[in-house]
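Here is an informal walk through one protein model, with a look at its charged pairs, its strands, its rings and a few backbone oddities. Have the structure open while you read.

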Amino acid sequence: MMRDEGQRRRLEYWWVALRFSLLLCFGEQVAAQIRYSIPEEVKEGTVVGNVAKDLGLDISALTDRRFRIVSGSNDALFQINQDNGALYIDRNIDRESLCEGNNPCMMDLKIVVENPLEIHYVGVEITDVNDHSPVFPEKEQRFEIAEHTVPGTRFQLHAALDRDVGMNSVHTYKLTSNEHFEIDVRQSDDEKIPFLVLRKSLDREQNHVLKLVVTAIDGGKPKKSGALNVTIIVIDVNDNRPVFSQDTYQTRIQENVPVGTAVVQVNATDLDEGSNGDIEYSLGKTLRRKVYDIFELDSLSGEIRVKGEVDFEDTEVYKLDVQASDKGTPPLTAECRVIIKIIDVNDNKPEIDVTSLLNTVSEESKPGTAISLISVTDKDSGINGKVISTISENVPFELKTSYKENVYSIVTKGQLDRELISYYDITITATDCGQPPLSSFKTLSVQISDVNDNRPEFSQNPLELYMLENNAPGASIFSVSAADKDMNENAAVSYHIIRGEGKMNDMASFLNVNPDNGHISALKSFDFESLKTFQFQVVATDSGTPSLSSNVTVNVFLLDRNDNAPVILYPVSANGSAEGVEEIPRNVNSGHLVTKVRAYDADVGYNGWLLFSMQEVSDHSLFSLDRYTGQIRTLRSFTETDEAEHKLVILVKDNGNVSLSATATVIINAVEPKEAFAASDVKSSVKDDDENNVTFYLIITLGSVSTLFLVSIIVLIVMQCSKTPDYSSKYLQETNYDGTLCHSIQYRSGDKRYMLVGPRMSIGSTIVPGSNGNTLVVPDHRSRASGEVRAICIDRFLSILFSVS
């Protein structure tokens, strides 16, 4: 017997293996989905199939790609061997605890591999084996049957329950041999309902109790069975049993109907009178417990009402057995079947499941890069379970459909720029097609990671620096700053000064920049009188890989300080002191020009603007001094009482904040006209005598030099006057020959032109409010300026000619 059972089990395993091979052969035709079949109750460790091989995956890379089962409550029953890709049984499988009914028992598994991210679906069908015997809900069933019962009367027996399905479920019923009863089986949907049929009338006087055994036998190999003891008590009297208006009642209700809703009303009649015709209704005792929790039956009216929550997703069809009993002695009963079908309503929102998600995406990711896999399910059926999924607008991502319905991947659809948007909240909306439609939302947060794609930027280029001369060596003079739109090390900026050859870069060697904060310090003190302007370049470099940089040009304009005292040019004596003697005739008139004190100041602007004043004078009524030109003139004619010698001490000072000065002494001798002429003749004769020997050579030399000088001056003036003046960052030095040698410095900044002037300011110049007192703003009219420059050039030319003459 045991040997036959072993042979049958081996044949069964061979049949399962054949089905498994057929599934593998035809599984490739299903779009990337594999199906296997395995019987229940197989040993743990039994291999279901080699998933990696069937999917065409590289077995050597399974561990690195994290080949694994990722979803579902049934994944604990199975495991993946990452060494060879085999799917095997990890726990004992009981089909009856996993699936109900005769439908195929399918276990859907999600298998994921990464790098690149892929998802595959594996379906495993659990086939039934005959591991359960038929079981009756009760061990014994009692019937009270009157002796007048007509042959052919049917009595419904308890139906045996077998957790197995198909051929392994209840196949037939057998009754112990007797002369009064036989068994009849009625097929109802997928159930076999046994009935005890009276074949021969009972005779209580012969036998008032009958003991029978009903055996339920399944169709498995080997067959298994269960027994029900049936006790029949024979009584008299009530000889009409209730009769239902129909054997089967069918109705339809919607799920979620309110408690107390009437479902259907059954009706039975009894031809007897009195208590033998009074009918009571009751639900069968062998129904599932859930039926009693959801429905209730009015014992008097036969109306079935809703008692609990009706959920289509839990059960689609309910089958109730209703019994009608009269009150006779013994009572007679009748049975009917009530089938309640549940209509689905749209009461379940779609569910969004995120299988995998990349929380951080590089901004240089190409369009089409997958960042997440999602699946959408809806427990409703039909149109209520049809789901449409969308992604939030105004994000550079899109949903890409998969081969399987309601499975999507989220991919990039455009270029990402962290500097514009560094963080995205992606909202996935799943809406079913029911009425009214229901929606679910899932928000995915994605951070955009930075790459070094932005250079440091200066707010302005070029930069202009105005600094006073005589700065302290080593002190900070300026600061530059560049901003980088990147972040972290890609935005860490360092600075350095470009040092190279060239006139503009000569001063860079005397500058130093702090690489961390851009503070620039000068290593030497600058002198305005020797250097007016220079420029240098600073480079800002980030710390990214590769690093990016940009540079800025800094134009430095030195501003003058009053650090030079006036220098007396005339009079100057032979020993170098500022002292001279002038002789004038006593008969000169008022306003006669006696002499002119000339001075020079190396500073510019107000610092170089010189004023003349008399510090000492012998007679205030006789001589006057022009404070701007230094000209000494007579105020009146000489009288006989006036002294012949007069001493004038002239003070020359500039207009700096702390003015500097110098003095010159002029001695004026008033002589008689004849003496003056005689003195002049004597001087001339002496001079002629001294120079007789070299006069000829001197005339030749002087003529040659003067001619060459005049030609050079004319050429330079013509070239200068033919150029359009350029005021941007250039200084124009002018010499005022009207008594005092002063400077006029012009430079340009932005749309304004600045001029540092001496005592005689040009017409139309205005002082800039709030600026240095030595600075003027000159209207930038180039055509007018060009004419002015040409006029200045001509004036200078004439002045030079007159000076030479």
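Let's start with a lysine. Lys-110 is buried, its relative accessible area being just 11%. Its partner is Asp-353: the two form a salt bridge in which the closest N and O atoms are 3.5 Å apart. Lys-110 sits in strand E6 and Asp-353 in strand E24 (residues 351-357), so this pair ties together parts that are 243 residues apart in sequence. The aspartate end is partly exposed, as Asp-353 has a relative accessible area of 33%. Keep in mind throughout that this is a predicted model.

**More charged pairs**

How many salt bridges are there by this rule? The count comes to 18. Side chains of opposite charge can pair when their charged atoms come close. Three of the pairs are set out here.

| Pair | N to O distance | Where the residues lie |
|---|---|---|
| Asp-353 and Lys-110 | 3.5 Å | strand E24 and strand E6 |
| Arg-289 and Asp-293 | 3.9 Å | both in helix H4 |
| Glu-405 and Lys-386 | 2.8 Å | loop between E28 and E29; loop between E26 and E27 |

The Arg-289 and Asp-293 pair is a local affair: both residues belong to helix H4 (residues 289-294) and are four residues apart, about one turn of the helix. Arg-289 is exposed, with 62% relative accessible area, while Asp-293 counts as partly exposed at 41%.

The side chains of Glu-405 and Lys-386 meet at 2.8 Å, N to O. This pair links distant parts of the chain, with Glu-405 in the loop between E28 and strand E29 (407-412) and Lys-386 in the loop between E26 and E27. For Lys-386, the flanking strands are E26 (370-377) and E27 (387-391). From C-alpha to C-alpha, Lys-386 and Glu-405 are 9.9 Å apart in space, and in sequence they are 19 residues apart. Glu-405 is exposed, at 53% relative accessible area, and Lys-386 is partly exposed, at 39%. Elsewhere, salt bridges that share partners join Glu-296, Asp-298, Glu-303 and Arg-305 into one network.

**A four-stranded sheet**

Now for some strands. One open sheet has four of them, in the order E16-E23-E22-E19, and the pairing is mixed. Which strands stand at the edges? Those are E16 (248-254) and E19 (279-283); each has a single partner strand, so one side of each is left without a neighbour in the sheet. On average, neighbouring strands of this sheet are turned by 25° against each other, direction ignored. E19 pairs with strand E22 (residues 317-326) in the antiparallel sense, over five bridges. Tyr-281 stands opposite Ala-324 in E22.

The link from E22 to E23 is worth a stop. Pro-330 is found in the loop between E22 and strand E23 (333-343), and the peptide bond that leads into Pro-330 from Thr-329 is cis, with omega near -5°.

**Other backbone details**

A further cis peptide bond runs from Tyr-570 to Pro-571, with omega near 5°. Pro-571 lies in the loop between strand E41 (567-570) and strand E42 (579-585).

Two asparagines have positive phi values. Asn-115 has phi near 55° and lies in the loop between strand E6 (105-113) and strand E7 (118-127); Asn-115 is exposed, at 60% relative accessibility. Asn-488 has phi near 55° and belongs to the loop between strand E35 (482-483) and strand E36 (493-497). At 57% relative accessibility, Asn-488 counts as exposed.

**Rings and a nonpolar patch**

Searching the whole structure turns up ten aromatic pairs. In one of these, Phe-397 and Tyr-424 have ring centres 5.6 Å apart and planes at 85°, so the pair is edge-to-face. Phe-397 lies in strand E28 (residues 397-401) and Tyr-424 in strand E30 (residues 423-432), so the contact ties together parts 27 residues apart in sequence. Are these two residues buried or exposed? Both Phe-397 and Tyr-424 are buried. There is also an aromatic cluster made of Phe-526, Phe-534 and Phe-536.

Last stop, the surface. Val-711, Val-715, Leu-716 and Met-719 form a nonpolar patch there, with about 360 Å² of accessible area together. Val-711 has its place in helix H6 (residues 695-722) and is partly exposed, at 45% relative accessible area.

Terms used: Residues numbered from 1 in each chain as written. Predicted model: local features only at pLDDT ≥ 70, side-chain atom pairs only at ≥ 80, totals over all residues. Heavy atoms only, no water. Patch = residues over 30% accessible without salt bridge, like charges linked within 9 Å, V, L, I, M, F, W, Y side chains within 5 Å. Areas by Shrake-Rupley, 256 points an atom, 1.4 Å probe, with all protein chains shown as cover. Salt bridge = Lys/Arg side-chain N within 4 Å of Asp/Glu carboxyl O. Buried < 20%, exposed > 50% of the residue type's maximum accessible area, 1.4 Å probe, protein only. Pairing = 2+ DSSP bridges. Axes fitted to C-alpha atoms, helices over the stretch in contact; angles between N-to-C directions. Phe/Tyr/Trp six-rings, centres within 6.5 Å; stacked < 30°, edge-to-face > 60°.
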